[in-house]
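User: Please examine the empty space in this structure and explain the reasoning behind each label.

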Amino acid sequence: MEEKRRGTTILTAIKNTVDPSTQVVYNEEPHTNFAESNKFDYAIVVVSEPTYAEMYGDSSNLTILDPGPSIIQNVCGAVKCVVVIISGRPVVVEPYVEKMDALVAAWLPGTEGQGVADVLFGDYGFTGKLARTWFKRVD
């Protein structure tokens, strides 16, 4: 019998990293009134591409798929936020940048979300440099 690999989700890593007195609230598809009515101090919005391999992930517009854009608009328009993008390539973020307080390209972190939480909360610094500038638009 093959053993399944287990890892740490970004949500679990955040819960493990923050002070125990910090309340972490998770909502898969929050609406604006949810973000406004709860008076959050900060929000971490994680959006991602669906899993794919090679040509099955091809995209001619490289956009963030639904519901990602509406979640960014709903949450980042109501509370200070950092957006974490999980993708295998650069995706178009220009329409949402003005709403964001910070943007993290986490690429494909695999099964260890703790690595994402480590840099979000300052346990480790951000490193790396893209070989090319992240484009504003596909054109």
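The exchange below concerns cavities and pockets in a predicted model.

User: What makes the space lined by Val47, Ser48 and Glu49, among others, a cavity?

Analyst: A cavity is a set of points where a 1.4 Å probe fits but cannot get out, so the space lined by these residues is classed as enclosed. The count comes to 1 cavity of 30 Å³ or more, and about 40 Å³ of space lies in the largest cavity. The lining also includes Thr63, Ile64, Leu65, Ile85, Ile86, Ser87 and Val91.

User: Which strands each supply at least two residues of that lining?

Analyst: They are β1 (43–48) and β2 (81–86).

User: Why is Glu49 counted as charged in the lining of the largest cavity?

Analyst: Glu belongs with Asp, Lys and Arg in the charged class, and therefore Glu49 is counted there. The full division of this lining is 6 nonpolar, 3 polar and 1 charged.

User: Why is the space of about 1400 Å³ called a pocket rather than a cavity?

Analyst: A pocket is an open set with protein on both sides within 12 Å along at least five of seven lines, whereas a probe in a cavity cannot get out; the space is therefore classed as open. This is the largest pocket, with a volume of about 1400 Å³. Of its 49 lining residues, Ile14, Tyr26, Ile44, Val45 and Val46 are the closest to its centre.

User: Which element gives the most to the lining of the largest pocket?

Analyst: That element is β1, with 6 residues. At least two residues each come from α1 (10–17), α2 (32–37), β1, α3 (68–76) and β2. By class, the lining of the largest pocket holds 29 nonpolar, 12 polar and 8 charged residues.

User: How do you know that Ala105 and Trp107 belong to the lining of the second largest pocket?

Analyst: Lining residues have an atom within 4 Å of a point of the pocket, so Ala105 and Trp107, being listed in the lining, meet that cut-off. Together with Ala106, Phe126 and Thr127, they lie nearest the centre of this pocket, which is lined by 19 residues. Its volume is about 430 Å³. Both β3 (102–105) and α4 (114–120) supply at least two lining residues, and the lining divides into 13 nonpolar, 4 polar and 2 charged.

User: Where does UniProt place the feature "domain: Glycoside hydrolase family 3 C-terminal"?

Analyst: The unreviewed UniProt entry places this feature at residues 8–138. In the model, that span is 23% helix and 12% strand, and its end C-alpha atoms lie 33 Å apart.

Notes
Residues are numbered from 1 along each chain as its sequence is written. This is a predicted model: local features need pLDDT of at least 70, side-chain atom pairs count only at pLDDT 80 or more; totals for chains, interfaces and linings use all residues. Side-chain values use heavy atoms; hydrogens and water are left out. UniProt positions are given in the numbering used here, feature names are shortened, and annotations may be inferred rather than shown by experiment. Helices (H or I, at least four residues) and strands (E, at least two) are DSSP runs, numbered from the N terminus. Grid points are joined across faces, edges and corners, and a volume is the space filled by probe spheres set on the points.
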